[in-house]
Amino acid sequence: MSTVSPLNTGTPLDVEAIRKDFPALSRLVRNDKPLVYLDSGATSQKPRQVLDAEREFYERHNGAAHRGSHLLSEEGTEIYEGARAKVAGFLGADENEVVFTKAATESVNLVAYALTSSVKPGDEILISEIEHHANLVPWQQLAERTGATLKWFKALPDGRIDVDPSLITGRTKIVAVTGQSNVTGVITPLAEITRLAHEAGALVLADGAQLVPHHPVDVKALDVDFLVFSGHKMLGPLGLGVLYGKYDKLDALPPFLTGGDMIEVVRMEGSTFQPPPMRFETGVPPAPEAAGLGAAIDYLTGLGMDNVAAHEESLTAHALDALREIKGVRILGPDTTADRGGAVAFEVDGVHPHDVGQVLDELGVAVRTGHHCAWPLHRVLGVQASTRATFYVYNTHEEVDALAEGIRYAQRFFGVLCSSNLCTRRSSWTTTGTRTTRGCGIRSTPRCITSTRRAAMR
C-alpha cells in the first residue's frame, strides 16, 4: 500500500513563473555560471513570500508571542498560532496535535526521550536500514538507556524496505521508519507498516522530512501516531521543525525540555505542566520562523501538492533516463518512479563522489556528496558514498540535462573513459591536494581541494 495518494496531475506548474519568486536562483556562482540548484533534499531555496513574511514580522510585529498583553505581543501570538493552524490544515490534523520544535531531528529526540520511562528491558524498538541518522541514533540511545532491543527491517538491493511482519511482536513498543529515503527516494509503505504495528499494540513514528515537502500527506489516513518534518526543506526557514502527534499520544508523554511557557503552576516544591502542544514548547516561541513556515505552506498549497509531486516525478523520470544512458554511472535505488520521490543518488565508476560534486560545482550545478547521513543504507548498496541530486518545484528539465552533461564532463575530466594507456587522471592527486598533468596533457583547475580529499578518505 502506497504512503501517498494517487496523483491528480491537475495543472502543470508554471516553473518559469515560480523561479522568479526565488532570488537565489538568479545569481551566478563559480566561473560566472548560472546556479543549477539540485540539493533541495538538504535544504530548499526560499521564495520572496517567505522572506517577506519573516521580514514583516521583525519590522511590524516584533513582540514575544505568549508573553505580553500589548499589541505587538498579541500580534506575535496570533501569527505564531496562525502558523500552527496552517500546519494542521496542511496535514489534516487538529491544531492541538502540532508541536513546534527546532527541527525534525529534535522532534524525533523529543519522542525518544519522552518514551524513556515507558520502555523496559526486553521491549523492542523497530527501525529500518534505510533511515537517516536522525531517525536511527536517537533509537539506539533509547535502547541503551532502557535495555530494550533495537531491531530493523532489512533493506533490499534496490533500497526498498523488506517489510517482514515477523519483526513486529507483542514486545515491540515503537516502530520508527522514514516516509521517503533521503538517498534513493524510496517511498515506504507507511500505511501497511502502521497497520501491522497497531495490530501488535505498538506506536508508529514516521520521519516525514523528505515526504511532507513533496507529496500530499494526510495523517489521519496514514494513522501514524507521530510524524516529524522540518520547515527548511519545504521552502520555509531554518530553525523550525514540526512534531505531529495524535493528541492522546502526546498527552501521555512527559515534558522533553522544561522552563517558561510550558508550565501550568510553579511552586518551590514542584511544578505542573500545560497540556499539549504547549507542554513541549518551552521558551519564547520562534514566531518569525513560524510566520515564514506559514507563508511556505500558503505557497505550496497554492501550487497544489498533487501538482508538486507530479512535477517532481517528471523530473525524476527524466533524470533516471538521462543517467541510465551514461556509461559507467550506476543509479542507486529503484530504476523507475513507482513509489519513488525526487532524489536520485548515483556513483560514477572511477571517480569519487566528492570529486564528481566538485566538478559539478565548478559548472554551477549544486548537488550533495557523501553518505548523506545514511551510512547503513550505503553499506547495503555496496558503496561508501554517493552523489545525490534532489528536485523541487523550481527545477527544470534543462537543469536535469545540465546534470547529465556535467557528469559526462567529470568523466572526461578524470579520464575514466579514456582509452589511452598514458592516462593517469584517476590517481593524479599529490600529497598537497593539487593535481598533476595526465598523459594526454589536460591540466586541472588550480583549486586546492585538500579538505575535500580528507573527507573522501574518512
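Q: What makes strand S15 count as mostly covered?
A: Strand S15 spans residues 386–390, and five of its five residues are buried. Buried here means under 20% relative accessible area. Bear in mind as we go that this is a predicted model.

Q: Which residues of S15 point one way, and which the other way?
A: Ser386, Arg388 and Thr390 point one way from S15, while Thr387 and Ala389 point the other way, and all are buried. In a regular strand, side chains alternate between the two faces of the sheet.

Q: How do you know that S12 and S15 are paired, and in which sense?
A: Two strands pair if DSSP finds at least two bridges between them. Strand S12 (residues 343–348) and S15 have four bridges, in the antiparallel sense, so they pass that cut-off. Across from Thr387 in S15 you will find Phe346.

Q: What makes S14 a partner of S15?
A: Three bridges link strand S14 (residues 368–370) with S15, again in the antiparallel sense. The cut-off is at least two bridges, so the name "pair" applies. Thr369 has Thr387 of S15 as its bridge partner.

Q: How do you know that the length of helix H2 agrees with what it should span?
A: H2 has 13 residues (residues 48–60), which at 1.5 Å a residue should span 18 Å; the C-alpha atoms at its ends are 17 Å apart, so the two agree.

Q: Why are the buried residues of H2 said to line one face of the helix?
A: The buried residues of H2 are Val50, Ala53, Glu54 and Phe57. Viewed down the axis of H2, they fall within an arc of 90°, so they line one face. The general rule helps here: an α-helix has 3.6 residues a turn, so residues three or four places apart point the same way.

Q: What covers the buried residues of H2, and which residues are exposed on the other side?
A: The cover includes helix H3 (71–91) and helix H9 (287–303). On the other side of H2, Glu59 and Arg60 are exposed; the cut-off for that word is over 50% relative accessible area.

Q: Why is Leu235 called buried?
A: Its relative accessible area is 0%, and the limit is under 20%, so Leu235 counts as buried. Leu235 sits in the loop between strand S7 (226–230) and strand S8 (241–245).

Q: What makes the phi of Leu235 worth a second look?
A: Phi of Leu235 is near 80°, a positive value in a residue other than glycine. Most residues other than glycine have a negative phi.

Q: Why is Cys373 called partly exposed?
A: Cys373 has a relative accessible area of 26%. Partly exposed lies between the limits of 20% and 50%, so the label follows. This residue, Cys373, lies in the loop between S14 and helix H12 (375–380), and Cys373 also has a positive phi, about 55°, although it is not a glycine.

Q: Why does Asp339 count as partly exposed?
A: Asp339 has 35% relative accessibility, which is between the limits of 20% and 50%, so the term fits. You can find Asp339 in the loop between strand S11 (329–332) and S12. Asp339 and Arg160 are 179 residues apart in sequence and 9.7 Å apart in space, C-alpha to C-alpha.

Q: How do you know that the peptide bond from Pro276 to Pro277 is cis?
A: The omega of this bond is near 0°. Most peptide bonds are trans. Pro277 has its place in the loop between strand S10 (270–273) and H9.

Q: Which strands stand at the edges of the open sheet of seven strands, and why?
A: The order is S2-S8-S7-S6-S5-S3-S4, with mixed pairing. Strand S2 (98–101) and strand S4 (149–153) each have a single partner strand, so one side of each is left without a neighbour in the sheet. From one strand to the next, the twist averages 20°.

Q: What makes S3 and S4 a pair?
A: Strand S3 (residues 124–128) is joined to S4 by five bridges, and the two run parallel. At least two bridges are needed, so they pair. Ser128 has Phe153 in S4 as its bridge partner.

Note on methods
Residues are numbered from 1 along each chain as its sequence is written. This is a predicted model: local features need pLDDT of at least 70, side-chain atom pairs count only at pLDDT 80 or more; totals for chains, interfaces and linings use all residues. Side-chain values use heavy atoms; hydrogens and water are left out. The expected span of a helix is 1.5 Å times one less than its number of residues. Buried means under 20% relative accessible area, exposed over 50%, partly exposed in between (1.4 Å probe, protein chains only). The arc is that of the directions from the helix axis to the C-beta atoms. Contact means heavy atoms within 4.5 Å. Axes are lines fitted to C-alpha atoms, for helices over the stretch in contact, and angles run from 0 to 180 degrees between N-to-C directions.
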